[in-house]
Amino acid sequence: MPVTGIEDRVAYRFVKRVFDIVFSAAVLVAFCWLFAIIAILIKVDDPKGPVFFSQERVGKDGRTFRMLKFRSMCVDAEDRLAELRELNEKTGPVFKIAEDPRITRVGKWLRKLSLDELPQFVNVLRSDMSIVGPRPALPAEVATYDDYQRQRLLVKPGMTCYWQTRRNRDSITFDEWVDLDLLYIKKCSAWSDFKLIVQTVGVVLTAQGS
């Protein structure tokens with residue numbers, strides 16, 4: 001069945017936006033020292049490349065934006081993607097391999113600790129993203145979506161979601177991933193968002209990133 005009724009939940013969307021602003025601003029201020037340390041480590045490990053990586057992603061209702069991350073790959077990572085396509089370990093339009101040769105030494109630990117995602121709090125402040133919501137997809141991925149899968153775009157993409165907190169997420173198929181996102185959209189609430197944030201903190205503290 002199509003997902004409906006999201007736009008009518010004005011109170012929830014207002015509370016969610018207020019929380020996004022307050023929480024993101026607090027994290028950016030409280031952990032500015034950590035941003036500085038990560039920036040130094042990235043430059044020491046790979047002096048020729050930038051600290052941040054910016055990539056076009058698709059947000060709510062198909063609008064595109066530039067998503068920020070700490071750079072965890074070599075500077076020519078996107079150019080080398082074509083030669084690695086046949087090694088893809090994921091189903092659907094998503095690309096992921098366990099031992100990606102493009103990941104830098106520092107990048108490996110940034111991903112393990114999920115620290116590469118921290119700059120996305122800036123995207124949340126800009127209202128490109130929310131703290132909780134489906135992970136933002138690439139335009140090339142969205143171009144392959146069917147009508148069912150496009151329902152992921154009914155809400156703002158998020159920094160964390162059901163898929164992000166699953167211990168077995170690397171074995172979850174793309175169709176199962178979409179099902180989890182649509183389950184969240186159908187049942188989203190302030191309480192479910194809070195639980196997902198707490199679970200995400202647990203994932204980060206136990207270094208379950210990849």
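Three short exercises on this predicted model follow, each with a worked solution.

**Exercise 1. The H1–H2 contact**

Find how the axes of H1 and H2 cross, and which residues make the contact.

*Solution.*
- Start with the axes. Those of H1 and helix H2 (residues 32–45) come within 4 Å and cross at roughly 60°.
- Classify the angle. Roughly perpendicular begins at 65 degrees, and roughly parallel is under 35. H1 and H2 are therefore oblique to each other.
- List the contact residues. H1 gives Leu28, Val29 and Ala30. H2 gives Cys32, Trp33 and Phe35.
- Sort them by class. Six are nonpolar, with no polar and no charged residues.

**Exercise 2. The E1–E2 hairpin**

Determine how strands E1 and E2 run and how many bridges join them.

*Solution.*
- Take the strands. E1 covers residues 52–58 and E2 covers residues 64–70.
- Count the bridges. Seven join the two strands, which run antiparallel.
- Check one pair. Ser54 has Leu68 of E2 as its bridge partner.
- Inspect the turn. Five residues lie between the strands of this hairpin. Among them, Asp61 has a positive phi of about 60°.

**Exercise 3. The second largest pocket**

Describe the space in the second largest pocket and the residues of its lining.

*Solution.*
- Begin with volume. The second largest pocket holds about 490 Å³ of space.
- Turn to the lining. It has 19 residues; Leu118, Phe121, Thr200, Val201 and Val204 lie nearest the centre.
- Assign elements. Helix H1 (10–30), strand E4 (158–160) and helix H8 (190–205) each give two or more residues. H8 supplies the largest share, five residues.
- Finish with chemistry. The lining has 14 nonpolar residues, four polar and one charged.

Terms used. Residues numbered from 1 in each chain as written. Predicted model: local features only at pLDDT ≥ 70, side-chain atom pairs only at ≥ 80, totals over all residues. Heavy atoms only, no water. 1 Å grid on protein atoms, 1.4 Å probe; cavity = no way out; pocket = protein on both sides within 12 Å on 5 of 7 lines; lining within 4 Å. Points joined across faces, edges and corners; volume = space filled by probe spheres on them. Nonpolar A, V, L, I, M, F, W, Y, C, P; charged D, E, K, R; others polar. Axes fitted to C-alpha atoms, helices over the stretch in contact; angles between N-to-C directions. Parallel < 35°, antiparallel > 145°, perpendicular 65-115°, else oblique. Contact = heavy atoms within 4.5 Å. Pairing = 2+ DSSP bridges.
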